[in-house]
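Q: Please take a close look at one part of this structure, namely its interior. I should like a connected account of how it is assembled, residue by residue where possible.

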Amino acid sequence: MDTMDQSPAAQLHSGQGKALSQAEIRTIIVGVLLAMFLAALDQTIIATALPTIGHELGDLEHLSWIVTVYLLTSTAVTPLYGKLSDAYGRRSIMLVGIVIFIIGSIACALAPTMFALILARGLQGVGGGGLIALAQTIIADLVPPKERGRYQVYFASVFMTSSLLGPVLGGLFAEHLHWSVIFWINLPLGLVAFAIAFRSLKKLPRFERPHRLDLLGAVLLVTATVALLLALSWGGIRFPWNSLPILGLFVGSVALWILFALRMRLAPEPLIPSGVLHNPVVRMATLSACFGMGTYIGLTIYLPVYFEAVRGLSASLSGLALIPLMAGTVVGATLSGRTMAKVKHYKRLPTIGLLVAMAATGVLVLHGPSLSILAVEILLGIISIGLGTVLPVTMVTTQNAVAPHQMGTATGTANFFRSLGGAFIVAIFGAIVLSGSGVTGAASFEALGQAAAQSGVNLADVFSYVFLAAIVGFGLSLAFLLALEERPLRGAAVKAAEAAVAD
């Protein structure tokens, strides 16, 4: 019997007949959001402290690895957390993730050398990689799909808060206290998250079934992902795109992905079940989110370069200029999430949202250099609101289309491909900016303005191509959204719930 067809106040847990109260649900949500905040904050808080860390540890050459290794490990393990939570329960795997994250944070704070810090960040990423996907899965266990869209706004709010608060805290801690405080702060936050999760998650509904973890498949997936992300992260920055290291990583990644695909066909119980990957709703929703969120991530990475190199803003002002892009997603997610529970055709609002985002980005392509900063900020807010409407729909429809015992796997897989999409589109944007500005090889973004001036390149024209690429990304997201089947969202009716998960 699928307990997901109950309203939030009537959710059952562990096969018992006792309903969860609204207060119990709120406690669980607070705990998982705090765990999610830990992982999201550590992706942003480190950026402004990097120069101080490199100076104190006496190693500037390997500074970028502090960011890269966290991205690699956190992305690679995301599907593993989903599978493990389906097999052993959300609570136990969430607690394991928090513990690994805390241990990694302590190791980062105590790291005496850059090499030790890089290894500790990798361990921290192993813990943090599953917290975001697990938080979304736990909300899915608590709330039926018809009402779940309203809760997606909390996820958007967590990411917006971490994106805005992280760089500020990182700079303050590094300048006025010590860079290690960036990691020590995770200790009290992590312990609170652990305590809440330990107590409150006992009341979660339980849908796990006996599973066998495909270790060979997991190794192939992780190594293929690491090779691909290294190629996308280093290409055009550390090494030229046509260099032997980058080509070798791409070839190695392709070979590993082929082996992973073969393993998926041959394994008795593959890491990602074929029923999840072949589900048309999961496939279309994941691809739509992959290109939509990937484009959004690319804009958040390169718009500060645009503001500084093209518009002449300082680093602090360029951070403030990103606020409309960050805040708009929360507005869009709120509108879309609340609408999903009330209308039958829930794709209409995100379809309009993506069309509006494409139109606003088109204005930046055609009139970007002549627009005032205020006009650019308004357009970024419109783009962000439009994209925000897509987020609840793609995640909720993915979770709505699978059985409860596959919820973790489906959610982890969706988050995994969304991260890969972000890395891929960031690499495309980087190639456009670097090639257009005349910078080759291992150039830093700080050298863009100077290199462009020396080569007589107008960076405003270069970023017009970046915005044009963003339109393509949003367009692909829209195409997959239009191909997404609108299945009834599970709600109060058991029959509707059963129909929604039938494949």
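A: **Contacts within the interior**

Among the contacts in the protein chain with a separation of 6 or more, 81% are between residues 24 or more positions apart. The model is a predicted one. Its protein chain contains 24 helices and 0 strands, and 56% of the 503 residues are buried.

The account may begin with the nonpolar cores. The largest nonpolar core has 76 residues, and the members that touch the most others are Ile53, Met94, Ile98, Leu117 and Phe183. Helix α1 (residues 22-41) supplies the largest share of this core, 13 residues. Apart from this core lies another, of 56 residues, including Tyr296, Leu303, Ala401 and Phe474.

Met94 shows what such a position in the largest core involves. Once residues up to four places away in sequence are set aside, Met94 touches Val32, Ala35, Leu131, Leu134, Ala135, Ile138, Ala197 and Leu201.

Helix α1 can also be followed through Leu33, which has its place in that helix. Leu33 counts as buried because its relative accessibility, 16%, is under 20%. Beyond its neighbours within four places in sequence, Leu33 is in contact with Tyr154, Phe155 and Val158. Gln136 is 103 residues apart from Leu33 in sequence, yet their C-alpha atoms are 9.0 Å apart in space.

A second long-range pairing involves helix α3 (residues 65-76), where Thr68 is found. Thr68 has a relative accessible area of 11% and is therefore buried. Its contacts, leaving aside neighbours within four places in sequence, are with Leu230 and Ser233. The C-alpha atom of Thr68 is also separated by 9.5 Å from that of Trp234, a residue 166 positions apart along the chain.

Helix α4 (residues 78-88) is mostly covered, with 9 of its 11 residues buried. Those buried residues are Thr78, Pro79, Leu80, Tyr81, Gly82, Lys83, Ser85, Asp86 and Ala87. Just after α4 comes Gly89, which takes a positive phi of about 100°.

Further along the chain, helix α15 (residues 280-309) contains Ile297. Ile297 differs from the buried residues described above: at 29% relative accessibility it counts as partly exposed, because this value lies between 20% and 50%. Ile297 nevertheless has long-range partners, for it is in contact with Gly422 and Val426 when neighbours within four places in sequence are left aside. The C-alpha atoms of Ile297 and Ile425 are separated by 8.0 Å, although the two residues are 128 positions apart along the chain.

Helix α18 (residues 348-367) holds Thr361. With a relative accessible area of 1%, Thr361 is buried. Leaving out residues up to four places away in sequence, Thr361 touches Ile383, Phe467, Ala470, Ile471 and Phe474. Phe474 is also among the members of the 56-residue core.

The packing of one pair of helices can be described in more detail. Two packed helices are described by the angle between their axes and by the distance between those axes. For helix α17 (residues 323-340) and helix α20 (residues 390-400), the axes come within 7 Å and cross at roughly 45°. This angle makes α17 oblique to α20. On the α17 side the residues that meet the partner are Ala333, Ser336, Gly337 and Met340, and on the α20 side they are Pro392, Val393 and Val396. By type, the residues of this contact divide into 5 nonpolar, 2 polar and no charged. An α-helix has 3.6 residues a turn, so residues three or four places apart point the same way.

The cysteines complete the account. The structure holds 0 disulfides. Cys108 has 0% relative accessibility and so counts as buried. Cys290, at 12% relative accessibility, likewise counts as buried.

In summary, the interior includes one nonpolar core of 76 residues and, apart from it, another of 56 residues. Contacts between residues 24 or more positions apart make up 81% of those with a separation of 6 or more.

Terms used:
Residues are numbered from 1 along each chain as its sequence is written. This is a predicted model: local features need pLDDT of at least 70, side-chain atom pairs count only at pLDDT 80 or more; totals for chains, interfaces and linings use all residues. Side-chain values use heavy atoms; hydrogens and water are left out. Axes are lines fitted to C-alpha atoms, for helices over the stretch in contact, and angles run from 0 to 180 degrees between N-to-C directions. Helices (H or I, at least four residues) and strands (E, at least two) are DSSP runs, numbered from the N terminus. Angles under 35 degrees count as roughly parallel, over 145 as roughly antiparallel, 65 to 115 as roughly perpendicular and the rest as oblique. Contact means heavy atoms within 4.5 Å. Ala, Val, Leu, Ile, Met, Phe, Trp, Tyr, Cys and Pro count as nonpolar, Asp, Glu, Lys and Arg as charged, and the others, Gly among them, as polar. Buried means under 20% relative accessible area, exposed over 50%, partly exposed in between (1.4 Å probe, protein chains only). A nonpolar core is a set of buried Ala, Val, Leu, Ile, Met, Phe, Trp, Tyr and Cys residues joined through side-chain atoms within 4.5 Å. A disulfide is a pair of cysteine sulfur atoms within 2.5 Å.
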